[in-house]
Amino acid sequence: MTTASSRATASGPVVEVSGLRKSYGGRTVVDGVSFAVEEGEIFGILGPNGAGKTTTVECVEGLRLPDAGRIRVAGLDPVADHEAVTRVLGAQLQESELQPKLTVREALELYAALYPAPADWRPLAERLGLAGQLGTRFAKLSGGQKQRLFIALALVGDPRIVVLDELTTGLDPRARRDTWQLIEDVRARGVTVLLVTHFMEEAQRLCDRIALIDNGRIAALDTPRGLIGRAAGSTVISFTPSEPLDDEEVAALPALASVEHKDGRITLAGTDETVNAVISLLARRRIAAHQLRVTDATLDDAFLDLTTA
Ligand SMILES: Nc1ncnc2c1ncn2[C@@H]1O[C@H](COP(=O)(O)OP(=O)(O)OP(=O)(O)O)[C@@H](O)[C@H]1O
């Protein structure tokens, strides 16, 4: 089977960011960010509010001028070769960039006409649940419908790379899942996706790799699984013991990250090694564990553990 990463190795990075710096009024908000996105990858940019995510992707899009660093998009400089970059890179618009009186159909036709080989916008509109709104003016669309239109406009040029910032913000759960499926289909056609998101479930489900940005710097860059594995206490075991456990024996468990006692129930965070050791301890002491649960940490836990904000 060809995976995103095996395709990627064959073709090399399609977006390269190296030593990117950007300040506003003397305050550095992007401070030496470097990453490379492989062709066909869904690459996530995740981080707390104000971490510098949008600034980073707007530099990739050529909408902001970096103070330092080097960016290449399909080998092109997003500022010097801006026009050529807009032909290979599709980006989600900001609300202010669309005329309020434009209908959905007019917006799709207008944007399709800007590209040499656009996608057919009709199935795209259908797929995004906009087929019933083609005659509706932009100003009259709901927040979720506007969001769907922005996604359609980012994809209508049939780009090689698409940058989606807050892809599913404002969408209801069904529309969110439909949009995820659409993004997976887009990627299956070989399109590279750069995704800025706040939704952990979205990042975990869609992204091949994630750059976790904190205070303008990359705090971690890994697969979702890899990030979760880095969180202290990536495995959690909880149970109600038939007799109290010895505190010293619990504290001596290997790779133990935290211990919590509540209503006779004990919750231990650690690794698989901690879980194995606690099970052996229970067996040795002939203590039964009622309502035993073992759960993996989530991307949420990794986010909280690896960022400071
Ligand atoms: N044009 C600007 N002028 C001055 N400061 C700005 C400008 N644009 C962004 N900033 C500031 O730079 C910092 C990083 O902003 P950015 O939008 O890149 O963060 P973000 O990670 O995308 O945040 P969020 O998750 O809240 O969207 C923030 O403190 C923001 O207030």
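Let me start with strand 3, residues 42-46, and strand 7, residues 192-197, which in this predicted model pair with each other in the parallel sense over five bridges. If you want one position to look for on your screens, take I45, whose bridge partner in strand 7 is V196. Helix 2 packs on the sheet here, where it touches strand 3, strand 6 (161-165), strand 7 and strand 8 (209-214), and its direction makes about 155° with that of strand 7.

Now let us widen the view to the sheet itself, which is an open sheet of six strands with mixed pairing, in the order 5-6-7-3-8-9. Its edge strands are strand 5 (89-91) and strand 9, each of which pairs on one side only. Neighbouring strands in this sheet are turned against each other by 15° on average, if we ignore direction.

I come back to helix 2, because which element gives the largest share of the shell around the ligand? It is helix 2, residues 53-60, with three residues of that shell. The residues that surround the ligand are Y24, V29, G47, N49, G50, A51, G52, K53, T54 and T55, and by class this shell has three nonpolar, six polar and one charged residues.

Let me turn next to the other sheet, an open one of four strands, with antiparallel pairing and the order 11-12-10-13. Strand 11 (258-262) and strand 13 (289-296) stand at its edges with a single partner strand each, so one side of each has no neighbour in the sheet. As for the angle between neighbouring strands of this sheet, it is 15° on average, again with direction ignored. Strand 11 pairs with strand 12, residues 265-270, in the antiparallel sense over five bridges, and H261 stands opposite I266 in strand 12. Helix 11, residues 272-284, lies across strand 10 (235-241), strand 12 and strand 13, and runs at about 20° to strand 10.

How does the chain divide as a whole? The domain assignment gives domain 1, from 4-222, and domain 2, from 230-306, and the C-alpha centres of domain 1 and domain 2 lie 40 Å apart. Where the domains touch, eight residues of domain 1 are in contact with six residues of domain 2. On the side of domain 1 that touches domain 2, helix 8 (200-206) and strand 9 (217-222) each supply at least two residues, and the residues of that side divide into six nonpolar, one polar and one charged.

A single residue may help you to get a feeling for the surroundings, so please find E109, which lies in helix 4, residues 104-113. Is E109 buried or exposed? The answer is in between: E109 is partly exposed, because 15 other C-beta atoms lie within 10 Å, whereas a buried residue would need 20 or more and an exposed one would have 12 or fewer. E109 and L153 are 44 residues apart in sequence, while from C-alpha to C-alpha they are 9.5 Å apart in space.

Finally, some values for the chain as a whole. There are twelve helices and 13 strands in the chain, and its C-alpha trace spans about 75 × 45 × 45 Å along the principal axes. Of its 309 residues, 37% count as buried. Among the contacts with a separation of 6 or more, 70% are between residues that stand 24 or more positions apart.

Note on methods
Residues numbered from 1 in each chain as written. Predicted model: local features only at pLDDT ≥ 70, side-chain atom pairs only at ≥ 80, totals over all residues. Domains from an automatic or database assignment. Contact = placed C-beta atoms within 7 Å. Nonpolar A, V, L, I, M, F, W, Y, C, P; charged D, E, K, R; others polar. Near = placed C-beta within 6 Å. Pairing = 2+ DSSP bridges. Axes fitted to C-alpha atoms, helices over the stretch in contact; angles between N-to-C directions.
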